Amino acid sequence: MYVSCEEHIDLAMDIIIDEHEAAPVIEMIPAKEQLSTSCSFCEKPANYRISK
Ligand SMILES: [Zn+2]
């Protein structure tokens, strides 16, 4: 599972597709949790949770 900002959502989806050969499931992270969750690929707050 990855979490990502707006910028890295495509990257996260590509990785999940590569790893699992399945379409990823994308969920919005609730606003109050975004500030305490940082993107898996950079230092920005994460907006989405991407899992298989
Ligand atoms: Zn990012």
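This is a chat about a predicted model with a zinc site, a small set of strands and a nonpolar core.

Student: Let's start with the metal. Which atoms coordinate the zinc ion?

Tutor: C5 through SG, H8 through ND1, C39 through SG and C42 through SG, at 2.0 to 2.3 Å. Keep in mind that the model is predicted.

Student: And what arrangement do the 4 donor atoms make around the zinc ion?

Tutor: Tetrahedral, because the angles they subtend run from 101 to 116 degrees.

Student: What spacing do the donors follow along the chain?

Tutor: The pattern is C-x2-H-x30-C-x2-C. Take C5 and C42 as a pair: they are 37 residues apart and link distant parts of the chain. C5 sits in the loop between β1 and α1, while C42 sits in the loop between α2 (31-34) and β3.

Student: Are C5 and C42 buried or exposed?

Tutor: Both C5 and C42 are buried.

Student: What about H8, where is that one found?

Tutor: H8 is in the loop between β1 and α1. Its relative accessibility is 16%, so H8 counts as buried, the cut-off being under 20%.

Student: Which residues is H8 in contact with, leaving aside neighbours within four places in sequence?

Tutor: C39, F41 and C42. Two of those names, C39 and C42, also appear among the zinc ligands.

Student: F41 is new to me. Where is F41 found?

Tutor: In the loop between α2 and β3. F41 counts as partly exposed, because its relative accessibility is 27%.

Student: And what does F41 touch, again skipping neighbours within four places in sequence?

Tutor: F41 is in contact with Y2, V3, S4, H8, L11, A12 and I15. For a distance check, F41 and E19 are 22 residues apart in sequence and 16 Å apart in space, C-alpha to C-alpha.

Student: Switching to the sheet. In what order do the 3 strands come?

Tutor: The order is β1-β3-β2, in an open sheet with antiparallel pairing. β1 (2-4) and β2 (25-28) stand at the edges with a single partner strand each, so one side of each has no neighbour in the sheet. On average, neighbouring strands are turned by 25 degrees against each other, direction ignored.

Student: How many bridges join β1 to β3?

Tutor: There are 3 bridges between β1 and β3 (residues 48-51), and the two run antiparallel. Within that pairing, Y2 has I50 as its bridge partner, and V3 stands opposite R49.

Student: Over how many bridges do β2 and β3 pair?

Tutor: That pairing has 4 bridges and is antiparallel too. One residue to look at is V25, which stands opposite S51 in β3.

Student: Back to V3. Is V3 buried or exposed?

Tutor: V3 lies in strand β1. Its relative accessible area is 11%, so V3 is buried.

Student: Which residues is V3 in contact with, leaving aside those within four places in sequence?

Tutor: The list is I29, T37, S38, C39, S40, F41, A46, Y48, R49 and I50. So R49, standing opposite V3 in β3, is in the contact list as well. E43 makes a distance check for V3: the two are 40 residues apart in sequence and 11 Å apart in space, C-alpha to C-alpha.

Student: Now the core. Which residues form the largest nonpolar core?

Tutor: It has 6 residues: Y2, I9, A12, I16, Y48 and I50. α1 (9-20) and β3 each supply at least two of them. α1 gives the most, with 3 residues.

Student: Let's pick A12. Leaving aside neighbours within four places in sequence, which residues is A12 in contact with?

Tutor: Y2, S4, F41 and I50. Y2 and I50 are core members too, and they are bridge partners across β1 and β3.

Student: One last thing, backbone torsions. Which residue other than glycine has a positive phi near 50 degrees?

Tutor: E21. Most residues other than glycine have a negative phi. E21 is found in the loop between α1 and β2.

Student: Is E21 buried or exposed?

Tutor: Exposed, because the relative accessible area of E21 is 74%.

Methods: Residues are numbered from 1 along each chain as its sequence is written. This is a predicted model: local features need pLDDT of at least 70, side-chain atom pairs count only at pLDDT 80 or more; totals for chains, interfaces and linings use all residues. Side-chain values use heavy atoms; hydrogens and water are left out. Two strands pair if DSSP finds at least two bridges between them. Axes are lines fitted to C-alpha atoms, for helices over the stretch in contact, and angles run from 0 to 180 degrees between N-to-C directions. A nonpolar core is a set of buried Ala, Val, Leu, Ile, Met, Phe, Trp, Tyr and Cys residues joined through side-chain atoms within 4.5 Å. Buried means under 20% relative accessible area, exposed over 50%, partly exposed in between (1.4 Å probe, protein chains only). Contact means heavy atoms within 4.5 Å. Donors are N, O and S atoms within 2.8 Å of the metal (3.2 Å for Na, K and Ca); water is not among the atoms, so sites may look incomplete. Four donors count as tetrahedral if all angles lie between 85 and 135 degrees; four count as square planar and six as octahedral if opposite donors are over 155 degrees apart and all others between 65 and 115; anything else is irregular.
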